Amino acid sequence: MSSLKDKIVVITGGNSGIGYATAASFLAKGAKVLITGRNPGAIQEAVYALGHPAEGFKADQSDLNDAKRLAEYVQGRFGKIDALFINAGVAKLAPFETVTTDLYDELMNVNFKGAFFTIQQLLPLISDGGSITLLSALNAYAGTPNAAVLSASKAALNSLGRTLSRELASRRIRVNTVNPGIITTPLLEKVGMPDVLKTHLGSITPLGRLGKAEDIAKMVTFLASDEASFITGAEYNVDGGLMVHPLIG
Ligand SMILES: NC(=O)c1ccc[n+]([C@@H]2O[C@H](COP(=O)([O-])OP(=O)(O)OC[C@H]3O[C@@H](n4cnc5c(N)ncnc54)[C@H](OP(=O)(O)O)[C@@H]3O)[C@@H](O)[C@H]2O)c1
């Protein structure tokens, strides 16, 4: 995918898990990558581990002022964005009856509202012919118990992807959404998923394992490349077949 050489890529939440693996994948294809996150120490460590020409910028996706600062920084540093990967997200579970307005606001503010206004701030910098990839989740479609807010926050992203693909087509900006299955990243510890559940979920996945961050990274770099130049408004499940998990056999 030499089409990514010297392209400017911005990845929100790039210091861990899927964002980090995707940054590494873009760098391996010759792109210049800026990652964001909330934790300056984690950003610095990730930038060091990723190596030149990775760069970092502290920005909380749920904070509109941070989105504005990020846009100003990118404008001054690079002058444009060729590929934007909206990856930052948080996951918290709670039975419906116990969901508080604080939990609701936290998930919606980071996963949807923050994603929405980050794109709005960065859009003037995205080159005509560039791309935006949104990271959603199978939960956008699955009826996962205790995930009412998380699932809705992701489903809203899928909807946004479809709308933006139409609104931005006149600038040939392609907008696509990726729905990962269960991917082994620090997120699984953050939601307190027990090992026994991980093993179970791997065993019921048709391809027989949990996903790796690199599985998602490959799809995201593909969608940003010229190889995907006729793909927009699309959604891809990258889940080892979990979405079509067979009830029998
Ligand atoms: N792992 C899975 O099974 C799975 C499945 C479906 C979808 N996803 C989605 O994949 C995305 C990445 O998750 P992951 O699995 O790679 O988890 P992760 O290892 O926990 O990484 C999450 C990343 O998002 C950043 N982040 C979180 N809140 C942020 C905020 N308010 N502003 C800026 N950055 C923020 C984190 O950095 P800081 O902590 O420094 O802010 C970190 O870099 C999320 O959107 C998640 O919903 C994951």
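**Figure 1. The buried residues of helix 7 pack against helix 6**. Contact here denotes heavy atoms within 4.5 Å. The model is a predicted one, in which local features need pLDDT of at least 70 and side-chain atom pairs count only at pLDDT 80 or more, while totals for chains, interfaces and linings use all residues. Residues are numbered from 1 along each chain as its sequence is written, and side-chain values use heavy atoms, with hydrogens and water left out. Helices (DSSP runs of H or I, at least four residues) and strands (runs of E, at least two) are numbered from the N terminus. Helix 7 spans residues 195-204, and its buried residues are Lys198, Leu201 and Gly202. Seen down the helix axis, these buried residues fall within an arc of 100 degrees and so line one face of helix 7; the arc is taken over the directions from the helix axis to the C-beta atoms. Val196, Thr199 and Ser203 are the exposed residues on the face turned away from the buried side. Buried means under 20% relative accessible area and exposed over 50%, with partly exposed in between (1.4 Å probe, protein chains only).

**Figure 2. Polar side chains of the protein lie beside oxygen atoms of the ligand**. Polar contacts are pairs of N or O atoms within 3.5 Å; within protein, one atom must be able to donate a hydrogen and the other to accept it, and residues adjacent in sequence count only if both atoms are side-chain atoms. An N or O atom in the side chain of Ser16 is 2.5 Å from a ligand oxygen atom. For Arg38, the distance from a polar side-chain atom to an oxygen atom of the ligand is 2.6 Å, and for Asn15 it is 2.9 Å. On its own, the ligand has 880 Å² of accessible area, of which the protein covers 94%; accessible areas come from the Shrake-Rupley method with a 1.4 Å probe, and for residues only the protein chains shown count as cover. Helix 1 (17-28) and helix 6 (186-190) are the elements that give two or more residues to the shell around the ligand.

**Figure 3. The shell around the ligand draws its largest share from helix 6**. Four residues of the shell come from this helix. A residue is near the ligand if one of its heavy atoms lies within 4 Å of it. Of the 30 residues around the ligand, those that come nearest are Ser16, Arg38, Gln61, Thr185 and Lys190. By type, the shell divides into 13 nonpolar, 13 polar and four charged residues. Ala, Val, Leu, Ile, Met, Phe, Trp, Tyr, Cys and Pro count as nonpolar, Asp, Glu, Lys and Arg as charged, and the others, Gly among them, as polar.

**Figure 4. Thr22 is a buried residue of helix 1**. The relative accessible area of Thr22 is 0%. Not counting residues up to four places away in sequence, Thr22 touches Ile11, Phe85, Ala217, Val220 and Thr221.

**Figure 5. Helix 2 packs its buried residues against helix 1, strand 2 (32-37) and strand 3 (54-58)**. The helix comprises residues 40-50, and its buried residues are Ile43, Ala46 and Leu50. They cover an arc of only 65 degrees around the axis, which puts them on the same side of helix 2. The face turned away from this side carries the exposed residues Gln44, Glu45, Tyr48 and Ala49. Where helix 2 starts, a side-chain oxygen of Asn39 comes within 3.0 Å of the backbone nitrogen of Gly41. Gly51, with a positive phi near 85 degrees, follows the helix. Pro53 belongs to the loop between helix 2 and strand 3, and a cis peptide bond, with omega about 0 degrees, joins it to His52.

**Figure 6. Asp6 and Asn146 have positive phi values**. Most residues other than glycine have a negative phi. Asp6, in the segment before strand 1 (8-11), has a phi near 65 degrees. This residue is partly exposed, at 43% relative accessibility. Asn146 lies in the loop between strand 5 (126-135) and helix 5 (148-167) and has a phi of about 70 degrees. At 39% relative accessibility, Asn146 is likewise partly exposed.

**Figure 7. Ser151 of helix 5 is in contact with Asn139, Ala140 and Ala142**. These contacts leave aside neighbours within four places in sequence. Ser151 is buried, with a relative accessible area of 11%. A polar atom of its side chain lies 3.3 Å from the backbone oxygen of Asn139. Tyr141 is ten residues from Ser151 in sequence, and the C-alpha atoms of the two residues are 7.6 Å apart in space.
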